[in-house]
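Here are some short exercises to work through at your own pace. Have the coordinates open in your favourite viewer, try each task, and then compare notes with the solution below it.

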Amino acid sequence: MNTEQCPHIVVLGAGFGGLTFCQTFRHAEARITVIDRQNHHLFQPLLYQVATAGLSAPEIAQPIRSILSDQPNVRVLMDEVREIRLGERAVVLRDRPEPVGYDYLIIALGGVTTYFGHPEWEALAPGLKSLEDAVRIRRRVLLAFERAEMEPDPAVQRRLMTIVVVGGGPTGVELAGAFSELSRNVLRTDFRRIDPTRARVVLIEASPVVLSNFPKDLGENATQTLREMGVEVHTSAKVKALSEGRVELDTGEVIEAETVLWAAGVGANPLTRTLGVAVDRAGRIQAAPDCSLPGHPEAFAIGDLVSLVQEDGRPVPGVSPAAMQMARHVARLIEQDLASPGGVPAAERPPFRYWDKGSMATIGRSAAVAYLRDFHLTGMTAWFAWLLVHLLFLIGFRNKLAVFLQWTYSYFTYKRGARIISGVRPGPP
Ligand SMILES: Cc1cc2nc3c(=O)[nH]c(=O)nc-3n(C[C@H](O)[C@H](O)[C@H](O)COP(=O)(O)OP(=O)(O)OC[C@H]3O[C@@H](n4cnc5c(N)ncnc54)[C@H](O)[C@@H]3O)c2cc1C
């Protein structure tokens, strides 16, 4: 068969879902084109460590081309998806004049940070989604300490040394815990005029408990551990107003803070709203049970931009195992479709079933929470489990080794290697 006649599968996004599809789909003749606007696959669960100077950016990312280099049927295009034309079975890219046609489409473009109807807050309280976000946050925090060291006014100094994290989900908890450790342990002896151990780290959560998607005892354990680490945890509190250096809560409290970080809202990639298919309030595609788009059995949506409800009524969560499991499910469906003459009718396809492997969140040194069904772990045991799982799933032997060495070094020395501030323009001589 000439290559142009081979079934063509286009995969949009090389995150957890898109990449897993490329790695698991097997067919002798099909060709795959994977399109991502970044040249790297990003291990988002460790992004907070880049933002808090624990790891450097290349340690949690890997070039997509190199991951897929041993798969000759996969072509990688670094470009931005601008439009998906379901009716024409074609995708429009930013840098390519001709749309890319497909026989099967996998939409795996992930999510974006959302601000509950306040898009203007994005500039004041950055979210954590990409390597650029993480490096920007790290620079902002480290620069604030540098400015505090030179600041004569104690009130301004105090504002410079205050970090507010909005959102007490796993990312918010991880950020708050890591910033508290950065100021109390790592920077403790590095300054002469300021005392970094007096830095304020405030975590704001709208629910009565942090980690509200975890079992209650683990949320309570996380709250208590954070407080013991010096984090001010404000639960049942919402941000009412945000302005430069100032956070106002609905409880009436006002916090002066140089750094405000947003870990509160996640929505689907905005392209989902242009497809003409049903989406939920967060913009997630309301896919058919097999992950296909209603009315388009050749197009599938997987990962964070999908809203799927399981048979027991619980929604499939927006986590990496769900994206990877959906990718494997869709890969099998397309393999079966191609193997049977005339394809498998959409109504006969098996639904996607999510196998919940539990969840975990780290809070700080030797402190984490984890659960698998009724089995709950806290403290050191949960922390070791967290370290192991993250090392195991991080892509690339070089990255695994580099991260393992960094963690070991930090554990024994209380130091963090990635504290260089880059991107600062030197002033006049
Ligand atoms: C800070 C953070 C921490 C997290 N921690 C955990 C955790 O501990 N455990 C866990 O299970 N999950 C965690 N998650 C969630 C997990 O990362 C997601 O569920 C998972 O990445 C979803 O996979 P995906 O394939 O749907 O999307 P993603 O992995 O986000 O991939 C989407 C891809 O699409 C690309 N893309 C987007 N728009 C375009 C466009 N227009 N054109 C071209 N390419 C585009 C992006 O560059 C990206 O590569 C975390 C997420 C974040 C942000």
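Two residues are in contact if their C-beta atoms, placed from the backbone, lie within 7 Å. Keep in mind that this is a predicted model.

**Exercise 1. Place Ser-183 in its surroundings: find its element, its contacts and its burial class.**

Step 1: Start with the secondary structure, where Ser-183 falls in helix H6.

Step 2: Apply the contact cut-off and leave out residues up to four places away in sequence; Ser-183 then touches Pro-196, Thr-197 and Ala-199.

Step 3: Count neighbours. A residue is buried if 20 or more other C-beta atoms lie within 10 Å of its own. Ser-183 has 22 C-beta neighbours inside 10 Å, so it counts as buried.

Step 4: For a sense of scale, take Arg-281, which is 98 residues from Ser-183 along the chain; their C-alpha atoms are separated by 38 Å.

**Exercise 2. Describe the largest nonpolar core and the contacts of Val-166.**

Step 1: The largest nonpolar core holds 72 residues, and Val-166, Ala-368 and Val-369 touch the most other members. Helix H6 gives the most to this core, with seven residues.

Step 2: Setting aside residues up to four places away in sequence, list what Val-166 touches: Ala-125, Ile-204, Val-239 and Val-260, together with the run Leu-261, Trp-262, Ala-263 and Ala-264.

Step 3: Look for another core. A second, separate one has 51 residues, including Leu-12, Ala-14, Leu-293 and Phe-352.

**Exercise 3. Work out how strand S21 pairs with S9 and with S20.**

Step 1: S9 (residues 104–107) and S21 (residues 296–301) are parallel and share three bridges. One pair to check is Ile-106, whose bridge partner in S21 is Phe-300.

Step 2: S20 (residues 292–293) runs antiparallel to S21, with two bridges joining them. Here Ser-292 has Phe-300 as its bridge partner.

Step 3: Inspect the connection: S20 and S21 make a hairpin with two residues between them, and Gly-295 in the turn has a positive phi of about 85 degrees.

**Exercise 4. Why does the ligand lie between domain 1 and domain 2?**

Step 1: Collect the shell, which has 31 residues; Gly-13, Gly-15, Gly-17, Gly-110 and Gly-303 come nearest to the ligand. Elements giving two or more residues to the shell include helix H1 (16–24) and helix H8 (320–339).

Step 2: Sort the shell by residue class, and you get 14 nonpolar, 12 polar and five charged.

Step 3: Assign domains. Domain 1 (3–37 + 79–113 + 266–348) and domain 2 (119–264) both give residues to the shell, so the ligand lies between them.

Technical notes
Residues numbered from 1 in each chain as written. Predicted model: local features only at pLDDT ≥ 70, side-chain atom pairs only at ≥ 80, totals over all residues. Near = placed C-beta within 6 Å. Helix = DSSP H or I, 4+ residues; strand = E, 2+ residues; numbered from the N terminus. Nonpolar A, V, L, I, M, F, W, Y, C, P; charged D, E, K, R; others polar. Domains from an automatic or database assignment. Core = buried A, V, L, I, M, F, W, Y, C linked by C-beta atoms within 7 Å. Buried ≥ 20, exposed ≤ 12 C-beta atoms within 10 Å, placed from the backbone. Pairing = 2+ DSSP bridges.
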